[in-house]
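Q: I have a chain to read, and I want to start with sheets and rings. Can you take me through it feature by feature?

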Amino acid sequence: MKKSMKGNKLLAFIIIVVLALSMCGCSGGSGSTSENVTIKTSPDKYTHYVKNYVGKNLATIGYTSWGGERFDKYGEGLLRIIPVTKSGEYIDIEDEEALQEYVVTDQSYAPNTEIKLTFDKDSDGEEYDNITAWENIDEIVLCVKKQGSVGGSMKLTEITPAKDISHRYIKDYKGQNLANVGYVSLGGEYRGKYGSSVCYDASVKFIIVTEDGSYVDIEDKGALKQYVVTGQNIEPNSELVLEIDEEYDWVDGQNVEEIELYVKKLK
């Protein structure tokens, strides 16, 4: 009788563990669930709070800009949406039908994380109502999976919100599809943005390093789509210090100019 009871308890324990594992999706960021979360009401134009994206269809979140980036509005501020999957597959954010295939399972900032905005000023020192100068958070990584698929685990890193205009923090690119991490600049470089406002935006140059040393044509988006980032030579949350030219509202220098991205080809 005692052996039977012990066997039943063990079986029940195993069932609980299996059920828990089957519910896991991406993990390590906000630890969010698909439960309803009450988001705080913005008290003024300077303060907003991160929404709960978990459980939402990716196509219902934000909009795609003319520049081909996905943004969600927070008052006059913009939060760049970065979708990632466990496999590192490319997601075309300009294809609404493709976005409809995905559901959010986790987010890098927990719901109700505070977003702070500052506004640019005119020559008389008066604030503009619709031109932001700085945002302490400029993007959020959303872990997604295809509807009906079994989710896998993936750690999302919460990047420290910027302290001020001059101090920001290096992002975590690991797990992202190479075609989604940056853009080709007018100077023909592959770069990553830091900031999403009109003023004081900064960027870093990406140096792409493949496993076998092969060349990746950054002008060929099809080639970029074939790779996933596996590491970087500067740790996420390392400080990015900017020298600001207040007269012309631009970045005049920075302590990190480039980041090596280590990538591997998708199967």
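A: Start with a definition: two strands pair if DSSP finds at least two bridges between them. Keep in mind that this is a predicted model.

Q: In which sense do S6 and S7 pair, and over how many bridges?
A: Strands of a sheet pair through backbone hydrogen bonds, either parallel or antiparallel. Here S6 and S7 pair in the antiparallel sense, over four bridges. Within that pairing, Phe119 stands opposite Thr132 in S7.

Q: What is the strand order of the sheet that holds S1, S6 and S7?
A: The order is S1-S6-S7, in an open sheet with antiparallel pairing. S1 and strand S7 (127–135) are the edge strands, each pairing on one side only. On average, neighbouring strands of this sheet are turned by 45 degrees against each other, direction ignored.

Q: What is the order of the sheet with S9, S14 and S15?
A: These three strands form an open sheet, S9-S14-S15, again read as antiparallel. Its edge strands are S9 (167–169) and S15 (250–254), and each pairs on one side only. The average turn between neighbouring strands is 40 degrees, direction ignored.

Q: How many bridges join S14 and S15?
A: Strand S14 (residues 239–245) pairs with S15 over four bridges, in the antiparallel sense. One contact to look up is Glu243, whose bridge partner in S15 is Gly253.

Q: Now the rings. How many aromatic pairs are there?
A: A pair of aromatic rings is described by the distance of the centres and the angle of the planes. The count here is four aromatic pairs. One of them is Tyr46 with Phe119: 5.7 Å centre to centre, 85 degrees between the planes, hence edge-to-face.

Q: Where along the chain do Tyr46 and Phe119 lie?
A: Tyr46 is in the loop between helix H1 (2–22) and strand S1 (47–49). Phe119 is in strand S6 (residues 114–121). The two are 73 residues apart, so the pair links distant parts of the chain.

Q: Is Phe119 buried or exposed?
A: Buried means under 20% relative accessible area. Phe119 has 5%, so Phe119 is buried. Its partner Tyr46 is at 30%, and therefore counts as partly exposed.

Q: Which charged end sits over the ring of Phe119?
A: That of Lys45, 4.4 Å from the ring centre. Elsewhere, the charged end of Lys171 sits over the ring of Tyr194, 4.4 Å from its centre.

Q: Which residues form one aromatic cluster?
A: Tyr173, Tyr190 and Phe206.

Note on methods:
Residues numbered from 1 in each chain as written. Predicted model: local features only at pLDDT ≥ 70, side-chain atom pairs only at ≥ 80, totals over all residues. Heavy atoms only, no water. Axes fitted to C-alpha atoms, helices over the stretch in contact; angles between N-to-C directions. Phe/Tyr/Trp six-rings, centres within 6.5 Å; stacked < 30°, edge-to-face > 60°. Buried < 20%, exposed > 50% of the residue type's maximum accessible area, 1.4 Å probe, protein only. Lys NZ or Arg CZ within 6 Å of the ring centre and 35° of its normal.
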